[in-house]
Amino acid sequence: PRIYIPNESIEKALEEIRDNELFFIKKGSESVGMIAYQKKPDGSAYISNMAVVPEYRGQGIARTVMEMILKIIGAESRIWLVVHPENVALNLYTSLGFVEEKRVENYYGDGEPRLVLAKAINGSNTDI
């Protein structure tokens, strides 16, 4: 499957782990994915990673985990994420109420565009 994130260094990966609430998704005794989020100083929450192992996709795991994370994040004024426009998870995000705020060309410096999606909570504005 296509990878939609730029290659990172070990240092960047460790920084990502330190700066986020990171959850591993298990089905039985197997790790089948992960999801992470980070609360930002402006009161918003950024979902930084959501991945399910390919052979476990299509079973509702990603939807269940996204719904769980949205409940955990709770009353944040804005929840946002960045996704490649060809990522199949885009359908999941929009079905959960995320809307496209903007498209950014070369978002990660990898020559690929990304969509910034946000979900307003409690009627707040979703402007970046």
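These exercises work through the sheet, one helix, one serine and the nonpolar cores of a predicted model.

**Exercise 1. Find the order of the strands in the sheet, and name its edge strands.**

Step 1. Trace the open sheet from side to side. Its six strands come in the order E1-E2-E3-E4-E6-E5. The pairing is mixed.

Step 2. Look for strands that pair on one side only. These are strand E1 (21-27) and strand E5 (99-104), the edge strands.

Step 3. Check the twist. From one strand to the next, it averages 25 degrees.

**Exercise 2. Describe how strand E6 (residues 114-120) is joined to E5 and to E4.**

Step 1. Take E5. Five bridges join it to E6, and the two run antiparallel. Val-104 stands opposite Arg-114. Glu-100 stands opposite Leu-117.

Step 2. Take E4. Six bridges link E4 and E6, again antiparallel. Here Leu-81 has Leu-117 as its bridge partner.

Step 3. Recall the background. Strands of a sheet pair through backbone hydrogen bonds, either parallel or antiparallel.

Step 4. Ask how enclosed E6 is. Six of its seven residues are buried, so E6 is largely enclosed by the rest of the structure.

**Exercise 3. Which strands does helix H2 (residues 61-73) touch?**

Step 1. List the contacts. H2 packs on the sheet and touches E1, strand E2 (30-39), strand E3 (45-52), strand E4 (78-83) and E6.

Step 2. Compare directions. The direction of H2 makes about 160 degrees with that of E3.

**Exercise 4. Is Ser-48 buried or exposed?**

Step 1. Locate the residue. Ser-48 lies in strand E3.

Step 2. Apply the cut-off. Buried means under 20% relative accessible area. Ser-48 has 17%, so Ser-48 is buried.

Step 3. Find its neighbours. Leaving out residues up to four places away in sequence, Ser-48 touches Glu-16, Asn-20, Ala-36 and Tyr-37. With Asn-20 there is a polar contact between side chains, at 2.9 Å.

**Exercise 5. Which residues touch the most other members of the largest nonpolar core?**

Step 1. Start with the core. It holds 28 residues, and Ile-47, Met-66, Tyr-93 and Phe-98 touch the most other members.

Step 2. See what builds it. E2, E3, H2, E4, helix H3 (89-95) and E6 each supply at least two residues. H2 gives the most, with seven.

Step 3. Zoom in on Ile-47. Its contacts beyond four places in sequence include Met-66, Leu-70, Trp-80 and Phe-98.

Step 4. Look for another core. A second, separate one has five residues, among them Trp-80, Val-82, Val-116 and Ala-118.

Key
Residues are numbered from 1 along each chain as its sequence is written. This is a predicted model: local features need pLDDT of at least 70, side-chain atom pairs count only at pLDDT 80 or more; totals for chains, interfaces and linings use all residues. Side-chain values use heavy atoms; hydrogens and water are left out. Two strands pair if DSSP finds at least two bridges between them. Helices (H or I, at least four residues) and strands (E, at least two) are DSSP runs, numbered from the N terminus. Axes are lines fitted to C-alpha atoms, for helices over the stretch in contact, and angles run from 0 to 180 degrees between N-to-C directions. Contact means heavy atoms within 4.5 Å. Buried means under 20% relative accessible area, exposed over 50%, partly exposed in between (1.4 Å probe, protein chains only). A polar contact is a pair of N or O atoms within 3.5 Å; within protein, one must be able to donate a hydrogen and the other to accept it, and residues adjacent in sequence count only if both atoms are side-chain atoms. A nonpolar core is a set of buried Ala, Val, Leu, Ile, Met, Phe, Trp, Tyr and Cys residues joined through side-chain atoms within 4.5 Å.
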